[in-house]
Structure formats: C-alpha cells, structure tokens
Amino acid sequence: MNIRPLADRVLIKPAAAEEKTLGGIIIPDSAKEKPLKGEIVAVGHGTKDEEMVVKVGDNVLYGKYAGTEIELDGEKYLIMRQSDVLAII
C-alpha cells in the first residue's frame, strides 16, 4: 500500500455492512448502518506524548462518526486518530 499515516493516525478497512432483511424486504445500501469495526492496515509512528498501542492486523471498534473516509484503489478506508479507536477486539 502506498499510504502511511502520520503521527498518531491509523488507517482502517471497515468491515462489510451486514445484510439484513425485514420479512423478505431487502434494505438498500443507503439505509444500512455503517459498520463500527474494522481492521487496521497501516499505523503512524506516534508522537512524543502518545505511544502507538494498536498495530497492523488488529481488529478494532471505533465511534460512529470517527475518522475521515477515503478511497484508495477502489477500496474504502477510514483514517483517524488512535484516540478515536475505542477497543481492540
């Protein structure tokens, strides 16, 4: 991958949204909830005040509105600060 987050930022590949149906009705993509978990694919080096706790390959939970969506090579990713990560699964 050609991207490396700076400072205390991490790059996350969100988990796929779950397919849900209501009595045979398929919910469109626009109505699906955003996944709140994903896999870390790149991490920054941290700062002098904040050591990086997460590492590449960790599955994490993050806040609903955390991060900035970006698209690389046709894939969607989130880039956010390590402090926006709530937990390692």
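Student: How many helices and how many strands does the protein have?

Tutor: Start by counting the elements. This is a predicted model, and it has zero helices and eight strands. Reading from the N terminus, you get β-β-β-β-β-β-β-β.

Student: What holds strands together in a sheet, and which order do the strands take here?

Tutor: The general idea first: strands of a sheet pair through backbone hydrogen bonds, either parallel or antiparallel. Now the case here: six strands form an open sheet in the order β6-β7-β1-β4-β5-β8, and the pairing is antiparallel.

Student: Which strands stand at the edges?

Tutor: Those are β6 (68–72) and β8 (85–88). Each has a single partner strand, so one side of each is left without a neighbour in the sheet. As for the twist, it averages 45 degrees from one strand to the next.

Student: Can we zoom in on one pair? How many bridges join β4 to β5?

Tutor: Three bridges do the job, and the two strands run antiparallel. Strand β4 covers residues 37–43, while β5 covers residues 59–62. To see the pairing up close, find Gly38, which stands opposite Val60 in β5.

Student: What about the stretch linking those strands? Where is Val54 found, and is Val54 buried or exposed?

Tutor: Val54 is found in the loop between β4 and β5. To judge burial, look at the relative accessible area: under 20% counts as buried. Val54 has 7%, so it is buried.

Student: Which residues does Val54 touch?

Tutor: Leaving aside residues up to four places away in sequence, Val54 touches Val10, Ile40, Val43, Gln82 and Ile88. Also have a look at Val85: it lies 31 residues from Val54 along the chain, and their C-alpha atoms are separated by 9.0 Å.

Student: How much of the contact count comes from residues far apart in the chain, say 24 or more positions?

Tutor: Among contacts with a separation of 6 or more, residues 24 or more positions apart account for 65%.

Student: Now the outside. Which residues make the nonpolar surface patch?

Tutor: Leu61, Leu86 and Ile89 make it, and the patch is about 310 Å². Take Leu61, which sits in strand β5. Its relative accessibility is 34%, so Leu61 counts as partly exposed.

Student: And for the whole protein, what share of the residues counts as buried?

Tutor: Of its 89 residues, 25% count as buried. The accessible surface comes to about 6400 Å², with 52% of that belonging to carbon and sulfur atoms.

Key. Residues are numbered from 1 along each chain as its sequence is written. This is a predicted model: local features need pLDDT of at least 70, side-chain atom pairs count only at pLDDT 80 or more; totals for chains, interfaces and linings use all residues. Side-chain values use heavy atoms; hydrogens and water are left out. Patches are made of residues with over 30% relative accessible area and no salt bridge: like charges are joined within 9 Å, nonpolar side chains (Val, Leu, Ile, Met, Phe, Trp, Tyr) within 5 Å. Accessible areas come from the Shrake-Rupley method with a 1.4 Å probe; for residues, only the protein chains shown count as cover. A salt bridge is a side-chain nitrogen of Lys or Arg within 4 Å of a carboxyl oxygen of Asp or Glu. Helices (H or I, at least four residues) and strands (E, at least two) are DSSP runs, numbered from the N terminus. Buried means under 20% relative accessible area, exposed over 50%, partly exposed in between (1.4 Å probe, protein chains only). Contact means heavy atoms within 4.5 Å. Two strands pair if DSSP finds at least two bridges between them. Axes are lines fitted to C-alpha atoms, for helices over the stretch in contact, and angles run from 0 to 180 degrees between N-to-C directions.
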